[in-house]
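Reader: I would like to learn how to read the features of a model one by one. Where should we begin?

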Amino acid sequence: MSIDAKIPEGPLEQKWSKHKMDSKLINPANKRKFTVIMVGSGLAGGSAAATLAELGYKVKCFCYQDSPRRAHSIAAQGGINAAKNYQNDGDSVYRLFYDTLKGGDFRAREANVYRLAEVSSNIIDQATAQGVPFTREYGGLLDNRSFGGAQVSRTFYTRGQTGQQLLIGCYQALQKEVSKGGVEMFPRTEMMELVMVDGHAKGIVVRDMVTGEVTTHAADAVCLATGGYGNVFFLSTNAMGCNVMASFKAHKKGAYFSNPCYTQIHPTCIPVSGDYQSKLTLMSESLRNDGRIWVPKTQEDAKAIREGKKKASDIAEDDRDYFLERKYPSFGNLCPRDIASRAAKEACDDDRGVAPTGLGVFLDFKDAIARLGEDLVRARYGNLFQMYEKISGQNPYEQPMQIFPAVHYTMGGLWVDYNLMSNLPGLHVLGEANFSDHGANRLGASALMQGLADGYFVIPTTIANYLATQKPGSVTTDRPEFVEAKKEVEDRIADLMNIKGERSVDSFHRELGNIMWDYCGMERTKEGLEFALKRIPEIRDEFYKNVRIPGDSNEMNQELEKAARLADYFEFAELTCCDALNREESCGGHFRGEHQFTSESPEVISGVTQAGEALRHDDEFSYVSAWEYKGFGNLPELHKEELNFEFVKPSVRSYQ
């Protein structure tokens, strides 16, 4: 299969407009004949399902939650980017495009990133019209705040619950279409298989998570909007139900998986507190607007804090190392996530961590409270402060928060072209589930932007290019492909239930997660990745011999759900390590210890960057990796989509 991104010709600022004019149309009467399956009902899936139904398509929408209101999009608290330049501080579509491309370490397509920046303003108008209560200035205009990786204020927000409020607006649009009959909802169902008919994606197999019943569903096209794969690391900021199953099932049917090694480590997470913790809690990046990150300058002071002999307030100002402000004076505490995370790790590796485990740094609001007053800080971040106090037992108005990096967002995903269609005809992929817009690192407040851009504005236009070539309703579940796929799923479930070993699913998942965090986490090395690729199959083999799943498959069984996902995690973990091992460079969220600037590097000597920063190799790795599945136990095959930069010249990524 050749990799054709279908990027339109012409000037950058005209590509999307030209593509919309060149795209095929389906008249309203014919749209009613087409059925689209939407897997996922977060911001990408929910907005796409609602918009496609408004256009006249019949939509079947599936989610594993009991309601779309519980989609993981609510966890994106800090804000959503848009290039409206309300602050008159120099923002523009081009600046948002450039910041996003640079933030991704020049590992994304120019055309996709510019389209994202171009439609960003429409998202704010759409959400405001839906009643999303964006925070407003005294005069009534929508307010903005700054986020990491930008020197302008372009982030629209609703206190500390932006994702939740945007999802409510999206959910209302979705429910309107449900009540009109345009969308049929299937909550508490999990996709177990993608069904291919004559080389086209034409349906799915799902399991009812309450009754255990396995059913098949046919459509004219399938859309996946199922989020990322951060939970392969076991501990992450993702909801515990988030998984890569739908994407990986498509991958096993032939869909290319792109850039799985691009995993974002978020710098502001509440540190790990114990060995049997099941997930981590994110503190919004918005806190870095007013909070200052620091550790003591001396190991002795840090040790005293860890042992409870000193408090943060006991450390004199001159004895504090505000390391982000010191290392990156132009951006300070608002430098991008990958850079802030590695700087925090560096401080803790120097034995200056302040959490009891040694893995934590301070996020301090003392100066902001003195400058703005506690009431204003409470108005901006009150719910986040309350959440922190409930989890940690400490009052962040009186003592600084303790934070440490954790797995958060995944920039990799299924490969898609400019139309958001994978290399499998008919299979479209939206939001975090695709790879398309963030390169090697996502800037803060851009996840909500991409999800809603894909759902509200991109897929409603581009899906017609595929559907116009199809005969509506020509494929039904009577086809043998559906019967065979259903039997495969039922056999797979039976095989898992019949293992009857001695170990829990979580014990295997935790072991896999530790391997991934240690050897494919914030820093990777050739030696470590090779060890992981040797160890993961060993854990997988024991899983298939010794996992124990209590209960029955014909009922609600969360252990079975977790086991089915973990079976895919093992193979996906291998794919991720293969991608990380192949990419002999450092870029964004992918940091190889062997590839970093040193004190002898010309760029360091000239002051462009500093030792220890990520070193790209554009001459060898300026491409999107697109991995093809080659069967259970076999290494995947690499295909490449070369990245051509016509409008921006890749440069050393410096935030000094």
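Author: With what counts as an element: helices are DSSP runs of H or I with at least four residues, strands are runs of E with at least two, and both are numbered from the N terminus. Keep in mind that this model is predicted. As a case, D105 takes a positive phi of about 60° just after α4.

Reader: Where does D105 lie, and is D105 buried or exposed?

Author: D105 is in the loop between α4 and α5. Buried means under 20% relative accessible area. D105 is therefore buried, as its relative accessible area is 2%. The positive phi occurs here in a residue other than glycine. N259 also has a positive phi, of about 50°, and is not a glycine. N259 is found in the loop between β11 (257-258) and β12 (263-269), and at 2% relative accessibility N259 counts as buried.

Reader: How do I read a helix such as α4, and which residues of α4 are buried?

Author: An α-helix has 3.6 residues a turn, so residues three or four places apart point the same way. In α4 (residues 93-103), the buried residues are L96, F97, D99, T100, L101, K102 and G103. Their packing partners are β3 (80-81), α5 (110-130), β5 (153-156) and α13 (447-467).

Reader: Is T216 buried or exposed?

Author: T216 has a relative accessible area of 19%, so T216 is buried, given the limit of under 20%. T216 is found in strand β9 (residues 214-218). Beyond neighbours within four places in sequence, T216 is in contact with I204, V205, T477, F482 and K486.

Reader: What is the general idea of a core, and how many residues has the largest nonpolar core?

Author: In soluble globular proteins, nonpolar side chains tend to be buried together. Here the largest nonpolar core has 182 residues, and I80, L194, L224 and L427 have the most contacts inside it. Helix α17 gives the most to this core, with 13 residues. Take L427: with neighbours within four places in sequence left aside, L427 is in contact with L194, A201, V222, L224, A250, A255, L414, L420, M421 and S422. Apart from the largest core lies another, of seven residues, among them W294, I305, Y322 and F362.

Reader: How many aromatic pairs does a search of the whole structure find?

Author: The search finds 26 aromatic pairs. One of them is F365 with Y381, a tilted pair at 5.9 Å centre to centre and 55° between the planes. F365 lies in the loop between β15 (361-364) and α11 (366-372) and Y381 lies in helix α12, so the pair ties together parts 16 residues apart in sequence. Both F365 and Y381 are buried. Another tilted pair is F621 with Y623, at 5.9 Å centre to centre and 40° between the planes; both of these residues are buried too. Ring pairs also link Y229, F248, F257, F572 and Y629 into a cluster.

Reader: How is empty space found, and how many residues line the largest pocket?

Author: Rolling a probe the size of a water molecule over the atoms shows where empty space is left. The largest pocket holds about 1,000 Å³ of space. Its lining has 40 residues, and H72, A239, M240, G241 and K279 lie nearest the centre. By class, 16 lining residues are nonpolar, 16 are polar and eight are charged.

Reader: Which helix supplies the largest share of that lining?

Author: α17 does, with six residues. Helices α12 (374-392), α15 (505-520) and α17 (558-582) each supply at least two. So read α17 twice: the helix also gives the most residues to the largest nonpolar core.

Notes: Residues are numbered from 1 along each chain as its sequence is written. This is a predicted model: local features need pLDDT of at least 70, side-chain atom pairs count only at pLDDT 80 or more; totals for chains, interfaces and linings use all residues. Side-chain values use heavy atoms; hydrogens and water are left out. On a 1 Å grid over the protein atoms alone, a cavity is a set of points where a 1.4 Å probe fits but cannot get out, and a pocket is an open set with protein on both sides within 12 Å along at least five of seven lines; lining residues have an atom within 4 Å of a point. Grid points are joined across faces, edges and corners, and a volume is the space filled by probe spheres set on the points. Ala, Val, Leu, Ile, Met, Phe, Trp, Tyr, Cys and Pro count as nonpolar, Asp, Glu, Lys and Arg as charged, and the others, Gly among them, as polar. A nonpolar core is a set of buried Ala, Val, Leu, Ile, Met, Phe, Trp, Tyr and Cys residues joined through side-chain atoms within 4.5 Å. Buried means under 20% relative accessible area, exposed over 50%, partly exposed in between (1.4 Å probe, protein chains only). Contact means heavy atoms within 4.5 Å. Rings of Phe, Tyr and Trp (its six-membered ring) pair if their centres lie within 6.5 Å; planes under 30 degrees apart count as stacked, over 60 as edge-to-face and the rest as tilted.
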